[in-house]
Amino acid sequence: YLIKRYKLRNVYITAFPFSAMLVGILLKKCLGDKIFWVADYRDGWQFEPLIETVLPDWRMRFIRMMDTLVLRHCDKAVFVTGPIRNQYLEAYPWLSKKAELITNGYDEDDFQALAPRSFQTPTLVYMGKVYNLRRPNLLPLLDALKRSGKNIPLVHIGSLSPDARDQIERNGYDFYSFKGYKAHHEALSIAAGASVNLLLLNDDRVSEGVYTGKVFELLRLGIPILALGPKRGLVKELIETSGAGVYVPLRDTDAILPALQKLMENPGGFMCKPDVMRGFERSCLTEQLAALYD
């Protein structure tokens with residue numbers, strides 16, 4: 001109806017949930033080349049590491065069958081990371097002509113008229129969720145800050161599970177301050193006033209192949225980044241190649257405090273390279289997407 005009445009010709013379907021992709025299959029079956037369908041994969045549907053451990057075999061077979069149908073019927077498939085794209089190309093070599101890479105990014109409008117929050121002392125800021133103290137693992141950082149004896153404030157904005165909050169209080173991390181959820185613009189203002197922004201990932205195989213949503217906004221803020229996560233991965237490569245901060249494997253607990261001191265002593269030495277940052281600006285990414293429809 002929409003295509004007939006409004007003469008729509010381009011269709012863009014993003015997933016998760018992947019059930020939305022099934023609409024695309026129906027549209028292509030009904031309309032064929034009258035529409036151009038871009039299927040946007042935010043995650044690797046059938047390649048999520050834990051999915052096979054919780055679903056029966058028949059369900060996995062069904063998922064793979066439906067995923068194959070999506071890829072067969074779409075005109076282009078867009079993936080947000082190289083590893084996800086490579087997983088699909090390995091499973092479906094014929095997909096190479098229609099598989100594209102367009103990462104997540106940041107909106108420049110979010111940074112206009114942004115007033116940085118003023119802190120009385122050099123402060124570390126973390127924007128994000130903490131499901132428990134080990135997911136993502138705050139303990140290595142908290143313990144390093146406590147051992148330093150310098151009482152560097154750590155301001156956390158986002159979410160914090162009750163059990164994690166209780167344990168933090170019991171352990172006596174007096175320098176840690178949880179501010180709860182903040183509206184997006186206010187959260188960016190707080191992060192813009194930090195001496196160092198913390199980027200924290202789960203120390204697991206999944207996190208090696210993903211960009212956390214906040215990384216691009218932190219690059220744009222221009223505040224030095226202390227990134228803690230798995231030994232290797234996309235975020236490690238991005239932080240190191242962009243010059244935006246220092247990446248430390250979470251298990252290398254002795255390296256956390258020296259890295260933080262390095263960032264605080266030379267804040268002007270850690271800013272994302274302009275050409276790298278421009279590549280993640282939303283207008284640039286939108287141009288890449290629009291080009292698929294040419």
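The dialogue below walks through several features of a predicted model, one at a time.

Colleague: Before looking at single residues, how many helices and strands does the protein chain have, and what share of the residues is buried?

Modeller: Since this is a predicted model, everything I say describes the prediction, and I would begin with the overall picture. The protein chain has 14 helices and ten strands, and its C-alpha atoms fill a box of roughly 65 × 45 × 30 Å along the principal axes. Of the 294 residues, 45% are buried. If we take the contacts with a separation of 6 or more, 69% of them are between residues 24 or more positions apart.

Colleague: How should I read a salt bridge, and how many are there?

Modeller: The general idea is a distance test, in which a side-chain nitrogen of Lys or Arg must come within 4 Å of a carboxyl oxygen of Asp or Glu. By this rule the count for the model is eight salt bridges. One of them joins Glu100 and Lys76, whose closest N and O atoms are 3.1 Å apart. Glu100 belongs to strand β4 (residues 99-101) and Lys76 to strand β3 (residues 76-79), so this pair ties together parts that are 24 residues apart in sequence.

Colleague: Are Glu100 and Lys76 buried or exposed?

Modeller: Here the cut-offs matter, because buried means under 20% relative accessible area and exposed means over 50%, with partly exposed in between. Lys76, with a relative accessible area of 17%, is buried, whereas Glu100, at 24%, is partly exposed.

Colleague: Which residue forms a salt bridge with Asp203, and where do the two partners lie?

Modeller: Asp203 pairs with Arg251, and their closest N and O atoms are 2.9 Å apart. Asp203 sits in the loop between β8 (196-200) and α9 (205-208), while Arg251 sits in the loop between β10 (245-249) and α12 (256-265), so the pair ties together parts that are 48 residues apart in sequence. Asp203 has 30% relative accessibility and counts as partly exposed, while Arg251, with a relative accessible area of 73%, is exposed.

Colleague: What does a salt bridge look like in helix α11?

Modeller: In helix α11 (residues 234-242) we find both Lys236 and Glu240, which are four residues apart, about one turn of the helix. These two residues form a salt bridge in which the closest N and O atoms are 3.1 Å apart. Lys236 counts as partly exposed at 22% relative accessibility, and Glu240, with a relative accessible area of 44%, is partly exposed.

Colleague: How do I read the packing of two helices, and at what angle do the axes of α6 and α12 cross?

Modeller: One looks at how the axes approach and cross, and then at the residues that make the contact. The axes of helix α6 (residues 139-148) and α12 come within 9 Å and cross at roughly 75°. Angles of 65 to 115 degrees count as roughly perpendicular, and α6 and α12 are therefore roughly perpendicular to each other. On the α6 side the contact is made by Pro140, Leu141, Ala144, Leu145 and Ser148, and on the α12 side by Ile256, Leu257 and Leu260. These residues divide into seven nonpolar, one polar and no charged. Helix α12 also holds Glu265, which counts as exposed at 68% relative accessibility.

Colleague: What surrounds Ser207?

Modeller: Ser207 is in helix α9, and at 8% relative accessibility Ser207 counts as buried. Leaving aside residues up to four places away in sequence, Ser207 touches Leu201, Asn202 and Pro230. A polar atom of the Ser207 side chain lies 3.1 Å from the backbone oxygen of Asn202.

Colleague: Which backbone details should I look for in the loops?

Modeller: Two kinds are worth finding, namely cis peptide bonds and positive phi angles. A cis peptide bond, with omega about -10°, joins Arg135 and Pro136, and Pro136 is placed in the loop between β5 (124-130) and α6. Ala113 has a positive phi of about 55° although it is not a glycine. Ala113 is found in the loop between β4 and β5, where it is exposed, with a relative accessible area of 75%. Asn151, also not a glycine, has a positive phi of about 55°. Asn151 lies in the loop between α6 and β6 (154-160), and with a relative accessible area of 56% Asn151 is exposed.

Notes: Residues numbered from 1 in each chain as written. Predicted model: local features only at pLDDT ≥ 70, side-chain atom pairs only at ≥ 80, totals over all residues. Heavy atoms only, no water. Buried < 20%, exposed > 50% of the residue type's maximum accessible area, 1.4 Å probe, protein only. Axes fitted to C-alpha atoms, helices over the stretch in contact; angles between N-to-C directions. Parallel < 35°, antiparallel > 145°, perpendicular 65-115°, else oblique. Contact = heavy atoms within 4.5 Å. Nonpolar A, V, L, I, M, F, W, Y, C, P; charged D, E, K, R; others polar. Polar contact = N/O pair within 3.5 Å; in protein donor to acceptor, adjacent residues only side chain to side chain.
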